[in-house]
Amino acid sequence: MAEKLGPGLITGAADDDPSGIATYSQAGAQFGFNMLWTLFLTYPLMVGIQVISAKIGRVSGHGLATNISRHYPAWLLYSIVGLLLVANTINIAADVAAMGEALKLLSGGPSHLYALGFGLLSLTLQIFIPYNRYVRILKWLTLGLLAYVATVFVIHMPWAQVLSKTVWPQLSWKPEFITTVVAVFGTTISPYLFFWQASQEVEEQQANPQSKPLIRAPEQAKTNFHRIKIDTLIGMGFSNIVAYFIMLTTAVTLGLHGITDIQTSAQAASALRPIAGEFAFWLFSAGIIGTGLLAVPVLAGSAAYAMAGAFHWHNGLELKPVMAKRFYGIIAVSTLLGAALCFTPIDPIKALYWSAVLNGVISVPIMAVMMLMAARRDIMGQFVISTRLKVLGWVCTGVMALAVLTMFWTLGK
């Protein structure tokens, strides 16, 4: 089973980064159990759209940006890649800032220097660790998310009420409720995850001398499609279970005690301390660092894959830096720029919530383009996606579009 887990598991786990933790914490603290339903709705949608992105990469042998550049107008490509780069850099800034704050909570010291240190550590791992070993490190880092599952079991939980509200929540048309729904959707169904998983499928294929793009080696399809399905089901399930427990923890602690304004994951951990106890505080804080170490390379890497695909640069984490200078240059710039933002008057945390909303907005055209690509025989050959997957993918795109339009409608009232 372990060999079947890779791109999907890492992609799903990276979804629960410190900025995602902040979004889930805010949702739980502000709206209690009434946001838990979103994570059950997003699970099948996440699985569908991530399987589609993985299949595009594995079948064509190219990432999303390369395929877009070959078959769609340049303005669409550059718009998507530019927005992705901006959103990812803001996310990196928020993540390393949260990691620095979490380490400060645990041990004291200068959070800004810790943030820079985490950025440099992440960059060093990506540049100097060979791809096959680096992927194993990322897999082990996914275990850091179990801290949030454990937290639930060290505090009192009214399970009957939790289950009731999960299936029968109290919904609202207030702008703040709708915007939070879009932020949760934008955090769970994020563009950088599409680009990362598709590119990682290409990396996995290129790392194995016997593997070829499925459009040229259809006999390898059955095994790879089964692996993609299992990997993605488990990875996205793991992601949503952890997100559910984060939201649940903050709802039953912070929300019930009137603490409803959570701006950062570190703030959520700090607020937990007097309510849930020292052990819960330590688990929550340690989880922030572990998930950040997993997520920052995914954010920087997905931006680099997108840029490299757009401009047809050599790319891949299996290549040495001297062979892919511009690819690694984007990883370095986005990581270091994100860390540098922690030293400026710009508050990346305040921009973070709206970055999640921005992710929700730009996901819609990206998903629409992905759905069109997955149905094109000049890209997918005989492996155009099935009717069932096509329906699921378009439903996911439609739900995201509806959530975004509803948000703009409520904000305009």
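How many disulfides does a search of the whole structure find? The search finds zero disulfides, and this result, like everything below, refers to a predicted model. Two of the cysteines can be placed by their accessibility: Cys342 counts as buried at 10% relative accessibility, and Cys396 counts as buried at 0%.

**Overall architecture**

The secondary structure of the protein comes to 18 helices and zero strands. Of the 413 residues in the protein, 60% are buried, while the surface that remains exposed amounts to about 16,200 Å², with carbon and sulfur atoms supplying 67% of it. When contacts between residues at least 6 apart in sequence are considered, 83% of them join residues at least 24 apart.

**The nonpolar core**

In soluble globular proteins, nonpolar side chains tend to be buried together. Here the largest nonpolar core has 118 residues, and the members that touch the most other members are Ile189, Leu248, Phe327, Met370 and Met373. Helix H14, covering residues 278-311, gives the most to this core, with 16 residues. For Leu248, once its neighbours within four places in sequence are left aside, the contacts are with Phe33, Leu36, Val152, Met157, Trp159 and Val162.

**Two helices, H6 and H11**

The two helices below can be set out by length and by the distance between their end C-alpha atoms.

| Helix | Residues | Number of residues | End-to-end C-alpha distance | Expected span |
|---|---|---|---|---|
| H6 | 111-128 | 18 residues | 26 Å | 26 Å |
| H11 | 191-207 | 17 residues | 24 Å | 24 Å |

In H6, the buried residues are Ser111, Ala115, Phe118, Gly119, Ser122, Leu123 and Gln126. Seen down the axis of H6, these buried residues fall within an arc of 130°, so they line one face of the helix. On the other side of H6, Leu113 and Phe128 are exposed, although both carry nonpolar side chains of kinds that can belong to a nonpolar core when buried. In H11, 14 of the 17 residues are buried, so this helix is largely enclosed by the rest of the structure.

**A residue with positive phi**

Most residues other than glycine have a negative phi. His312 has a positive phi of about 60° although it is not a glycine. This histidine, His312, lies in the loop between H14 and helix H15 (325-340), and His312 is exposed, with a relative accessible area of 54%.

Terms used
Residues numbered from 1 in each chain as written. Predicted model: local features only at pLDDT ≥ 70, side-chain atom pairs only at ≥ 80, totals over all residues. Heavy atoms only, no water. Disulfide = S-S within 2.5 Å. Buried < 20%, exposed > 50% of the residue type's maximum accessible area, 1.4 Å probe, protein only. Core = buried A, V, L, I, M, F, W, Y, C linked by side-chain atoms within 4.5 Å. Helix = DSSP H or I, 4+ residues; strand = E, 2+ residues; numbered from the N terminus. Contact = heavy atoms within 4.5 Å. Expected span 1.5 Å × (residues − 1). Arc of directions from axis to C-beta. Areas by Shrake-Rupley, 256 points an atom, 1.4 Å probe, with all protein chains shown as cover.
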